[in-house]
Amino acid sequence: MSVALLLSLIQRLDISYYRENETNREMERVIKEMREILDIVRDKKLEEGRSLNFFVSDLIDMVDHAIDLSLRIQDYYIYRRYGSIHSWIGEIKKRMLKLGDDESNMTSSENVDDNYVVGLEEDVEMLLRRSIIGGEDDKRYVETVVIKGMCGIGKTTLAREIYNHPTVVARFKRRRLWVSNSTDLTIKELLIKLIQQVEDPQNLHTSSLLENMDNRSLRDMLTQHLQGTPYFIVLDDMPKQMHLKSFLKALPRENNGNRLLLTSHITHRDIYVRDEDVHRMKPLDSKQSWQLFLKTINHGNKLTCDHKFPMKLEHMGKQMLRKCGGLPLAIKEVGKQLAEKKVSGESEWEQLLESVDFGSTLKLLEPYYQKLDPDVQSCFMSMSFFKENTTLRAEKLTQIWVAGGVVDAAHQCKLYLDGLINESVIDVKGKSKKYCMNVVLHMLSVQKAEEKLGLEILRNNGNNQPSESPRHHRVIICSRDKFNYSTDQDKHLVSLFFHGGGYLDANPSYWKIFEQRLRILDLEDFGLKILPETIGTLMELRYLGLRNNYIKELPQSLGCLKNLEVLDIAQNFMVEVPDIIWELCSLRHLYMSDVTCLKPLKIDALRDLQTLTYVSVDNWTYELSGLKELMWLKKLGIEELDGNSNVTKLFVSLAVLEGLKHLILRGYRFRSMPCLDELAILHRLETLKLDGLLTRLSNNLPRFIESLTLVNSCLDEDPMPLLEKLPKLKHLKLRNAFTGHQMVILHDGFPRLEVLSMEELWNLRNVQCGKGAMHWLKKLEIHDCPYLDTFPEAILSTYHMKEIKMVTTKRIATKMRNSDLISKIKVVNINP
């Protein structure tokens, strides 16, 4: 009967598709997938009937929803909903194919022993105060809160602490519902589990009766049970493909202070949630990690006193725990592993600490890796190329993806970078576009890259040898010993990364081995002094990373690298650049600083150039006809500006660059920068950074810039009366930019400002704001402003203000934390 109904609905959807003149490609994908599934349903055995019944119920629900969408006016959002339906149908198809397959029964690594809870007190208090209980004035019919973070970081544990908190129990009484993900969880099963928790035991439907109902009827039943009483629902680790829109239809549309809490490593696309309602889990610090370790090893495993961990080895134990990266899952696994040995005596404990195996932890994280999209998996494995605990610039990461063929095209990089962030694989570090990865995930990325990408990691300590089979990627970790790697397999390498000691004494002929295939050579932070002339033999090289070394001169042969797309020689103090840059005809990104050039750089010869930072104002070319050819140049940094610089001529030349969106102007050491009144001619600029002394701020800044940074400007006059008039300014950062005591923002000033960052304003004591000023401000950051002990109430109490971060004195931190002004702000991080 269900199969016949499903076939009938598919035929109806088919008719709708042709009625739309076959323009809806997402609908076409849904129909194609459904017809393939019909064949699978017919082939499945009767003993798989219960699971099959749940799958078919979800499929009927999805096709019914797709038909409903086809009757609406088609727009972008409708097409996105088709995409969501297609994702869930595709997931059901995979599960149906695995029916009866033991390999599908992977357990979630999040569902581990939660008996030991450490370091969650502040998280619980904050979520209760700002989102669960304290957010009752929210006017939406249900407020959604997401606890997000990488696998094993404690999302389920935190949710359980909130779920069982006395305040929550008293507030929601019988309407506290919890459903955890299982391997085969469907929308139908989700609805049944919720109904069984809210229905009166005396009237409880039997499981078989509920299983025979369709999804629509189950939704109606759940709606009736939830109406009229506040409810609190926890959905723990829901599948990212699950079409939760179908579930949301069951939630009553009434404002009773209802709450929906999701734990996930992603932000589910079917759930609308504001950024301030996403609680991002952080790893445990060293103190919390040690507490959890001791609880696990001494108490949870019931060791006798003779076998307990000797406190004399505390330092060694903490060193070992650094490899766990503050991940509770890893700390517990290590603790259990050691406790099971039941050793006695310090010497035995010491041996165990030196030989801790993280294999079981990585096995628990395997399902997390398997859930990643295939393209994101490739980017995940590429993180193994970098040192653990390193902080990566976004541009470097994406450029290496492109150069190594991990990503097919540069325009896809942002999509995959966002994918890594959304899947909680990497975290944003600080305020800039820099990212880091947990050390345990880094171990997993190395393991997977060795299996699937042909990665080889060699340490220059004589304890290992290069693989005899062809390798495609190699990481060499050098010590102070002489470098001596060279094998017949080196000719297969695509990428080569050097980390470590800063001593590279390879024979110049060594580089000739790689001339056939090597595309990436990264020596950043290595301490390199001399780049050999034979580097020019690497004709296939796309990426050359030489940042932060001691190189004094680039060899002439570098001009032979006709395929080079990225050259990074920044932070090599006073490196001499010969007249070769113009020969690098494929160059797209050039990073320099403090370089010396005997001849002009001939920048206008690089027709594909997109990024150039930094070039001396004296080395800049002013030939307008040549600059017009730099159609793709988007980001430019110019340094060594002083009072003698001809900025009129400079700005006229920059105005020719039609694609220029981001400009950085840096002064020359301790000299004042010249007057910048003619900056307004660059009306296409979106972001502007001025780094250096200014005698005064120009009143002719580009009118439509969206982001402005002033660094080391040391202005005597308050810059706010000029800056507040910029109509599109969204981000403003002031670091050591003002030496005065007071800032004044007038009536309706900063009409679009969303983020304000103030750092190292050592004399600032007061900020005054007129009515309606900074109405859209969402985030306020204050660092090292030791006399600024308050901020205008009109700003802190605006509807849009959601986050305040402050690093200040202990006295001011205590005062601000106790202030009523910040009681309604979602994210508050104030530290001395």
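**Exercise 1. In this predicted model, find out how many bridges join strand β1 to β5, and in which sense the two strands run.**

Solution. Start by locating strand β1, which covers residues 143-148. Next, follow its pairing with β5: three bridges join the two strands, and they run parallel. As a concrete check, take K148, whose bridge partner in β5 is R280.

**Exercise 2. Determine which residue of β4 stands opposite V145, and how many bridges join β1 to β4.**

Solution. Strand β4 is made of residues 259-264, and six bridges join β1 to this strand, again with the two running parallel. Within this pairing, V145 of β1 stands opposite L261 in β4.

**Exercise 3. Work out the order of the five strands in the open sheet with parallel pairing, and name the edge strands.**

Solution. Recall that strands of a sheet pair through backbone hydrogen bonds, either parallel or antiparallel. Reading across the sheet, the order is β2-β3-β4-β1-β5, and the pairing is parallel. The edge strands are β2, residues 176-180, and β5, residues 278-280, because each pairs on one side only. From one strand to the next, the twist averages 15°. A helix can then be placed on this picture: α8, residues 187-198, lies across β2 and β3, the latter being residues 232-236, and α8 runs at about 150° to β2.

**Exercise 4. Decide whether the residues of β1 are buried or exposed, and sort them by the way they point.**

Solution. The cut-off needed here is that a residue counts as buried under 20% relative accessible area. By this criterion six of the six residues of β1 are buried, and the strand is mostly covered. Sorting by direction, E143, V145 and I147 point one way, whereas T144, V146 and K148 point the other way, and all are buried.

**Exercise 5. Describe the open sheet of three strands, giving the order, the sense of pairing and the edges.**

Solution. The order is β6-β8-β7, and here the pairing is antiparallel. The edge strands are β6, residues 392-393, and β7, residues 427-428, each of which pairs on one side only. Looking at one pairing in detail, β6 and β8, the latter being residues 434-436, pair in the antiparallel sense over two bridges. Here R393 has K434 in β8 as its bridge partner.

**Exercise 6. Classify the ring pairs that F497 forms with F385 and with F386.**

Solution. A pair of aromatic rings is described by the distance of the centres and the angle of the planes. For F385 and F497 the values are 5.1 Å centre to centre and 25° between the planes, and this pair is stacked, since planes under 30 degrees apart count as stacked. F385 lies in the loop between α18, residues 374-382, and β6, while F497 lies in strand β11, residues 495-500, and the two are 112 residues apart. Both F385 and F497 are buried. For F386 and F497 the centres are 5.8 Å apart and the planes are at 75°, so this pair is edge-to-face. Because F386 also lies in the loop between α18 and β6, and F497 in strand β11, the pair ties together parts that are 111 residues apart in sequence. F386, too, is buried.

**Exercise 7. Identify which residues form one aromatic cluster with Y163, and which arginines lie over the faces of W178 and Y163.**

Solution. The cluster consists of Y163, F172, W178 and F232. Turning to the charges, R160 lies over the face of W178, at 3.7 Å from the ring centre, and R176 lies over the face of Y163, at 4.4 Å from the ring centre.

Key:
Residues numbered from 1 in each chain as written. Predicted model: local features only at pLDDT ≥ 70, side-chain atom pairs only at ≥ 80, totals over all residues. Heavy atoms only, no water. Helix = DSSP H or I, 4+ residues; strand = E, 2+ residues; numbered from the N terminus. Axes fitted to C-alpha atoms, helices over the stretch in contact; angles between N-to-C directions. Contact = heavy atoms within 4.5 Å. Buried < 20%, exposed > 50% of the residue type's maximum accessible area, 1.4 Å probe, protein only. Phe/Tyr/Trp six-rings, centres within 6.5 Å; stacked < 30°, edge-to-face > 60°. Lys NZ or Arg CZ within 6 Å of the ring centre and 35° of its normal.
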